[in-house]
Amino acid sequence: MTAYVIGFGDNVVDYYENLNQKFPGGNAVNFAVNAKKSGVKAYYVGSLSSDPDGVLLQHALSSEDVDISFSEVIDEPTEQAHVTIKDGDREFIGGVRGSRLTPALSAELIDLMKNSSLVHTSCHSRTETKIKELKKYDVKVSFDFSDLDKYRTHEYLSDVCPSIYIAQFSVATDDQEEINRLISECKDFEVPYLLFTRGSKSPVFVDTRENKTYEGFIRKVESPHDTMGAGDAYFAAFASNFVLSKREKSMIEHVIDCFHKGANLAYETLMIDGSFGHATPINP
C-alpha cells in the first residue's frame, strides 16, 4: 500500500489587496500541497465552497496532484484573509470568516485516516472533537497551535494534547521561558514530539520521550519574495519525512535530514507569491 499523509481542516483564499491578486491557502491545504511537493502522496480533507474562491481552491489542489476525493462541497462562503505585502512580508488588514466545517467522520473517512502515516490539522480547523475520536483508532495526528495565546492556555493544551503525536508552535516572538513552559506542558500530556518554528531563526525539534532537543537550520533569504506559507512548508516537509522516511540512520541523522527537507521547501516557498502560487486577479 502506498504511504500517504492527510491535511484535515481549514482552507482560505488570501487576498493581496495591493497587488490585485488572490491565492489559495489555509494551514491544512498548505500541509497537503507541501507534503506532495516533498515527495509524499497527500490528501486534503475539508469542506470546499461552491463559490468562485472554493473553485479556485479545488483547481489549485487538483493541479498540485493532491487528492480531494474525500472532501465535500458546501454552499457556505470561502474564508478570506485580506493582506498587503510590503518588502516580502504580509500585514493582515481584514477578512471574511468562513464556516471552518470539516466532513463527518464516516466509516470510509476513518478507514482512510487509520491507514495514513499522519493526519495534520490545526487550531483554526475546529477539529478538536474529531481528533479525540481518531485517537481511539491510534491515528497519528500533528497539530499546529499557531502563535496565538488563546491556543496555549493550560485548558486548551489539556484538551487537545492527549490526541497529538507531533505539536507545532510558531514562537518567533516568544522568549525561552514561554517555550520551556510549552515543552513542559506538552510533555505532561504525553505529546511525543514538538517542532518550534522561530521565523528567521533556526527551528527546534523536541523528543519528549528521550528528553532530547535538536536545533535545526533554515536557508537564509536576504530579500524574501513573500513569507506567506513558509512556516507551513517547513513543517509539512519535516513532519512528512519524519513519519515516512526509513530509519536506517541514527535519530539525530534522521532529524537532520528532515531539517534539510524543511529548510529547502521553505526556501522555495519564500521565492514565490502566495503560499504555493496559483495567482488569480481579484478584479479581472
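The legends below describe close-up views of a predicted model.

**View 1. The open sheet of five strands that contains β2, β3 and β15.** The strands of this open sheet follow the order β8-β7-β2-β3-β15, and their pairing is mixed. Its edges are formed by β8 (89-96) and β15 (280-281), each of which pairs on one side only. Next to the β15 edge, strand β3 (residues 21-25) pairs with β15 in the antiparallel sense over two bridges, and Gln21 has Pro281 as its bridge partner in β15.

**View 2. Strand β2 and its two partners, β3 and β7.** Strand β2 (residues 12-16) is mostly covered, with five of its five residues buried. In a regular strand the side chains alternate between the two faces of the sheet. In β2 both faces are covered, since Val12, Asp14 and Tyr16 on one side and Val13 and Tyr15 on the other are all buried. Towards β3, the pairing of β2 is antiparallel and extends over five bridges, with Val12 standing opposite Gly25 in β3. The two strands form a hairpin with four residues between them, and Asn20 in the turn has a positive phi of about 55 degrees. Towards strand β7 (residues 80-86), β2 pairs in the parallel sense over four bridges, and here Asp14 stands opposite Ala81.

**View 3. Strand β10 between its parallel neighbours β9 and β11.** Strand β9 (residues 118-122) runs parallel to β10, and four bridges join the two; Val119 has Val141 as its bridge partner in β10. Between these strands the chain passes from β9 through helix α4 (residues 128-135) to β10, in a β-α-β crossover that is right-handed. With strand β11 (residues 166-170), β10 pairs in the parallel sense over three bridges, and Ser142 stands opposite Ile166 in β11. The connection from β10 to β11 goes through helix α5 (residues 154-160), and this β-α-β crossover is again right-handed. Strand β10 (residues 141-144) is covered on both faces, with Val141 and Phe143 buried on one side and Ser142 and Asp144 buried on the other.

**View 4. The cysteine pair Cys161 and Cys186.** A disulfide is a covalent bond between the sulfur atoms of two cysteines. A search of the whole structure finds zero disulfides, and Cys161 is accordingly in none, with the nearest cysteine sulfur, that of Cys186, 4.0 Å away. Seen from Cys186, the closest cysteine sulfur is that of Cys161, and the 4.0 Å between them is too far for a bond, because a disulfide requires the two sulfur atoms to be within 2.5 Å. Both residues are nevertheless buried, Cys161 with a relative accessible area of 0% and Cys186 at 0% relative accessibility.

**View 5. The largest cavity and its lining.** Rolling a probe the size of a water molecule over the atoms shows where empty space is left. In this model the count comes to one cavity of 30 Å³ or more, and the largest cavity has a volume of about 100 Å³. The residues that line the largest cavity include Asp10, Asn11, Ser47, Ser49, Glu79 and Arg100, together with Ile74, Pro77 and Leu101. By class, this lining has three nonpolar, six polar and three charged residues.

**View 6. The second largest pocket and the residues closest to its centre.** The second largest pocket has a volume of about 250 Å³. Of the 15 residues that line this pocket, Lys135, Ile164, Glu190, Pro192 and Arg209 are the closest to its centre. Its lining divides into eight nonpolar, two polar and five charged residues.

**View 7. Two loop residues with positive phi, Asn211 and His278.** Asn211 has a phi near 55 degrees, a positive value in a residue other than glycine. The residue lies in the loop between β13 (201-207) and β14 (212-215), where Asn211 is exposed, with a relative accessible area of 57%. His278, which is not a glycine either, has a positive phi of about 65 degrees, and its place is in the loop between α8 (251-270) and β15. With a relative accessible area of 28%, His278 is partly exposed.

Conventions. Residues are numbered from 1 along each chain as its sequence is written. This is a predicted model: local features need pLDDT of at least 70, side-chain atom pairs count only at pLDDT 80 or more; totals for chains, interfaces and linings use all residues. Side-chain values use heavy atoms; hydrogens and water are left out. On a 1 Å grid over the protein atoms alone, a cavity is a set of points where a 1.4 Å probe fits but cannot get out, and a pocket is an open set with protein on both sides within 12 Å along at least five of seven lines; lining residues have an atom within 4 Å of a point. Grid points are joined across faces, edges and corners, and a volume is the space filled by probe spheres set on the points. Ala, Val, Leu, Ile, Met, Phe, Trp, Tyr, Cys and Pro count as nonpolar, Asp, Glu, Lys and Arg as charged, and the others, Gly among them, as polar. Buried means under 20% relative accessible area, exposed over 50%, partly exposed in between (1.4 Å probe, protein chains only). Two strands pair if DSSP finds at least two bridges between them. A crossover is right-handed if, with the strands pointing away from the viewer, the path from the first strand over the helix to the second runs clockwise.
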